[in-house]
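Subject: Handing over the structure

Dear colleague,

I am passing on to you the structure that we spoke of, together with some notes on what was found in it. Please have it open beside this message as you read.

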Amino acid sequence: MKAIPVIAGGLVVMLVLFPLITVWRWAETGSSFSPADWAALRFTVIQSVLSAGVSCVLAIPVARALARRSFWGRSVVITLLGAPFILPVIVAVMGLLAVFGQNGILNTMLAAIGAPSVSIYGLSGVLLAHVFFNMPLVTRMILQGWVAIPSERLRLAESLGLRGWARFRVLEWPMLYNILPSAFGIVFVICLSSFAVALTLGGGPRATTLELAIYQAFRFDFDLGKAAALAMVQLALAGGTAMITVFAAGKDPFAKGLDSAFSATTLAHDGRIIDGVAITLAIIFLGMPFVMIVGHGGGAIFDLPSSVWWAAGRSIAIAVGSTVLCLVFALALARRWGEVIGSAGIAISPLVLGSGLFLMIRPITNPFDWALVITMVMNATLSLPFVLRILRPQAESIRAEYQHLARTIGLGPMAWVRWVLIPRLRRPIGFAAGLTAALSMGDLGVIVLFGTSDHATLPLKLYQLMGSYRMDQASAAAVLLLTLSLGAFWICEYWGRKDA
Amino acid sequence: MLSFESVKMGFDGFDLSVADMALDPNIYAVLGPSGAGKSTFLSVIAGFLRLKSGFIRWNTTDMTKSSPADRPVGMVFQDHNLFPHLTLYRNLALALTHRRRITDDQDRAIRSAMDRVGLGGLETRKPAAISGGQQSRAALARVLLQNRPITILDEPFAALGPALKNEMLDLVSELAHERGNTVLMVTHDPNDARRIAPKSILVADHMVHPPVETKDLLSSPPPSFAEYLGQVPNS
Amino acid sequence: MKHLTLAAGLLMATSVVAQTPVLSVYAPDYFTSEWGPGPSIEAAFEETCACDLQFSPGDLLPRLMLEGPSTDADIVIGLNTDITKKARSTGLFAPHGQNNADLDLPIAWTDDVFLPFDWSYVSFIYDATRVTTPLKSFEDLTILPDDQKIVIQDPRSSISGLALVLWVKAVYGDKAADFWARLAPHILTVTKGWSEAYGLFTDGEAAVVVSFNTSPAYHIVAEGDATKKAAIFDEGHYAYFELVAKVAGTDQPELVDQFMAFVMSDAFQSLIPMTNWSYPAAQPVSDWPEAFAALPAPSKAVFHDENTAAALRDVAIEEWRSVLSQ
């Protein structure tokens, strides 16, 4: 029973480190870091810190409002909080620009009342996008913390007549203090490897991230040594942060699926207006981009050529494969050291990982024949940190509770997974699978390097449409991609929630 | 015959030695102060803990290195005896097979074990839908199905009310006599021992002592145990 | 590692015993997509060659360099002049064997390895419904009103972005930094690639985008929309060529030569304008489709040969970066 996690751990380490080392060795020497690279490093860290900070600060009032108000549609709102995070980046940027862009509804409204227009390009645009993706995630984490405050403690505070600031300090701050560092860490790491977003909304070379520097070193300078070196800096930053949060996080607020039935608490009777404003603003901010994307491209979706639908089918297949693979690894690695190892994938540059795999596979067989498989493996590796974060805490407590029983009745590893682990972990597995499937669906990733026309995926088709001036069809393909990503997420989640 | 030879175990700075002894089929209460190592002793028999040294034998077979499932031991835990997501029927079936399909023979065995412990008709219930007493019965049914000559119970009925507990103790006793099993039961209640266990094993002072008559142990306990029982040691 | 690669290469070579010879062509993704020229070129060539032309799309140069001499490619199509120096230095390419005099280009072509198959001028494309005064020079860009922004591509990740930086360098020389400083307030954003920038333009985010002077042809032909116009600058325009080359280690030398000749033929050249939305490289203007012949074109071509381009590249990019980073 011990051997399986060790083998899985070894495989993941190999999957992450071997490609990096292969690239490094192939390159022999890379050129040293230029001032531009240092600027990229600086900007990457600054925007990640700010993105994480703003996401956390904004998430507090929204989570607080959702925790203590019950209103019609509340559970729908909470479910939809999962949507921005899994939205393919290119689709999200389209939606954000339709709302906040020069020509977006915000500026149209400002113009109507004669106010000067606002431009989001620059650091603010990067932050806007990152907050859009990650604020809902943090909201969910805090929300769970809020709901988990024991009712005895609430009653105690009530009977002591604690109000306002005093109640915040006694009841809410300790919970936030527990959850926020871990939430901050997660968002920080996610934003570290952000690439496409930072570029389109960043407004210029000021907003260059490490990932772009890697891309440049790889594609333009073909300086693989430098690409690998930059990738290692990024990995070290992210890996270090990830490990700190793994070890620092006491209780894991990320543990439960999106599905947990939150019960409204009687935390407060005042603050109705603030809560109403927080929830309304959050719904508008998070919902409008979706409305705009669907409104823009939804009509043309059934006019898309059949090749786009085939590509969609291929993307679904990749998503299924990646999800199964990722879950197999995650179930084997769902323990503390496993999570540390699994975190290695969190910020490895897909380009470097892809070229490494390419160099490793090429002596054996033609990598292009295996493009889809490689894509699946890479998606699984890149999703693994999130999935472990979700599964690990519950998997460990299941193991603690039932392993003796399992051993006396002689359940082998396979029987354990089948009869105990999967049924007991159903909800978090559903959530994690949904996340992986949706992220894999929207991932363009290394398919660009390994792309073959027979194997184009939906995101690649989207880029091809854009690359051949067919922007309207690209919008329709974006709606299709959005539908598939959210659909995949919803189906997996539903499986997790449905009773066996 | 369950025999111990120079058994020593230790983990996290906690040491426990087992006196050399051989246990005939009978019911033994395992008694001793809290934290003395009663559960540890059972874990060693069940195979959850490794020994530092020594041997444990069943008749002539050395089981020191065997895995829990390969030992002639069935165990009832304090809690987590049943998987909460599975029906009682499936929970019991897992003691016989890990396949989904259940043969007619297995089905008969499961149903008769459930009837024997008084759970007939509750096959499709999940653990959460039955009472605490019924959960204990289900755990005993599982041990019955495993059909092992040694049964160990780790404070199995601590959560039950007095009447229910006595009912369960009597059931354990009946089953043990029906099958001629060797039963070891950890309990913190001397009355449990008096009710069903002719002999008791004292665990105290880092030592598992050889079995003695239960009534003798309880009437003249050694000092460390007496303190636990709340008796003034008779000097 | 080298030995393994070699052994694998040999194994692969010996296993190729199919009756129909296969011509493996590496091309960029946009080229081989169903909306690019790839499919019709494949069909047209296969009619004459009794072979199987197989496109293998992806990043050209990185992939070739990773594969080295054991590459499966016979032909590489879709390279451009800004990376030929690096491509040449790999030693993977053989002379193209065609007569450069048959080309019909705004500059004299002397390269005997890389053969242009299409071309266009890098240009700023603007929305004529918003930008009502035609843009006549770089300086006109710097006086655009605030609601008419420009979107450009990052020269570090995009070929058209790099071409723009080299173009500015050619026009402004030492004063390039000064020009970027004056242009900076008018730049809406810098995108990773051409597609993102052009998407922002067609969505109305930006009024001006860096693209090619042949881009309006798509809107005219496919959409009947004549409002997307190329600004023609008096300073001249950077000429942008797409290139095809023979891989020296090909196992199909005859087929490769046949393909290179096909590239120069009318059959190939006539396919280019309406599928790749650019000028054919070996056809006189009189043979071009109406919409292309009618496109406004600059009177002067600006072009850096690969050595000049390579020498200027790092300086020009760093100049661009440091000015726009402020």
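The notes below go from the contacts between chains to the core, and then to some local features of chains B and C.

Please keep in mind throughout that this is a predicted model.

**How the chains meet**

Two pairs of chains are in contact, and of these it is chains A and C that share the most contacts. Chain B and chain C, by contrast, do not touch, and their nearest C-alpha atoms are 45 Å apart.

In the contact of chain A with chain C, 47 residues come from chain A and 45 residues from chain C. On the chain C side, at least two residues each are supplied by several elements, among them α1 (2-15), β2 (52-57), β7 (187-191) and α9 (194-202), while α4(C) gives the largest share, with six residues. Sorted by class, this side of chain C has 17 nonpolar, 14 polar and 14 charged residues.

The contact of chain A with chain B takes 15 residues from chain B and 15 residues from chain A. The side of chain B that touches chain A is made up of nine nonpolar and six polar residues, with no charged residues.

**The nonpolar core**

The largest nonpolar core has 326 residues, and those with the most contacts inside it are A:I214, A:A227, A:A330, A:A477 and C:Y238. Helix α17 of chain A, which spans residues 371-408, gives the most to this core, namely 18 residues. If you would like a place to begin looking, A:I214 is in contact with A:A227, A:L230, A:A231, A:S349, A:L351 and A:V352, once its neighbours within four places in sequence are left aside.

**Two helices and a covered helix in chain C**

Two packed helices are described by the angle between their axes and by the distance between those axes. In chain C, helix α8 (residues 176-183) and helix α14 (residues 306-324) pack at an angle of about 35°, and their axes are 9 Å apart. The crossing of α8(C) and α14(C) is right-handed. From α8(C), the residues C:A176, C:A177, C:W180 and C:A181 meet C:A316, C:E319, C:W320, C:V323 and C:L324 of α14(C), and the residues of this contact divide into eight nonpolar and one charged, with no polar ones.

Helix α9(C), which was named above as a supplier to the contact with chain A, is mostly covered, since nine of its nine residues are buried. Among them are C:W194, C:Y198, C:L200 and C:F201. Just after α9(C), C:G204 takes a positive phi of about 85°.

**Strands and hairpins in chain B**

Strand β1(B), residues 2-11, pairs in the antiparallel sense with strand β5(B), residues 53-58, over five bridges, and here B:S3 has B:R57 in β5(B) as its bridge partner. Strand β1(B) also pairs in the antiparallel sense with strand β2(B), residues 14-18, over five bridges, with B:F11 standing opposite B:F14 in β2(B). The hairpin of β1(B) and β2(B) has two residues between the strands, and in it B:D12 takes a positive phi near 50°. Strand β2(B) pairs in turn with strand β11(B), residues 207-208, this time in the parallel sense and over two bridges, where B:S17 stands opposite B:M207.

On the other side of this description, β5(B) pairs in the antiparallel sense with strand β6(B), residues 61-62, over two bridges, and the bridge partner of B:W58 in β6(B) is B:T61. The hairpin of β5(B) and β6(B) likewise has two residues between the strands.

**Two residues with positive phi in chain B**

B:N59, which lies in the loop between β5 and β6 of chain B, has a positive phi of about 50° although it is not a glycine. Is B:N59 buried or exposed? B:N59 counts as exposed, because it has 11 C-beta neighbours inside 10 Å, and the cut-off for that class is 12 or fewer.

B:H80, in the loop between β7 (73-76) and α2 (88-93) of chain B, is also a residue other than glycine with a positive phi, in this case near 55°. With 17 C-beta neighbours inside 10 Å, B:H80 counts as partly exposed.

With best wishes

Conventions. Residues numbered from 1 in each chain as written. Chains lettered and ligands numbered in written order. Predicted model: local features only at pLDDT ≥ 70, side-chain atom pairs only at ≥ 80, totals over all residues. Contact = placed C-beta atoms within 7 Å. Nonpolar A, V, L, I, M, F, W, Y, C, P; charged D, E, K, R; others polar. Core = buried A, V, L, I, M, F, W, Y, C linked by C-beta atoms within 7 Å. Buried ≥ 20, exposed ≤ 12 C-beta atoms within 10 Å, placed from the backbone. Helix = DSSP H or I, 4+ residues; strand = E, 2+ residues; numbered from the N terminus. Axes fitted to C-alpha atoms, helices over the stretch in contact; angles between N-to-C directions. Left-handed = near helix turned anticlockwise from the far one by under 90°. Pairing = 2+ DSSP bridges.
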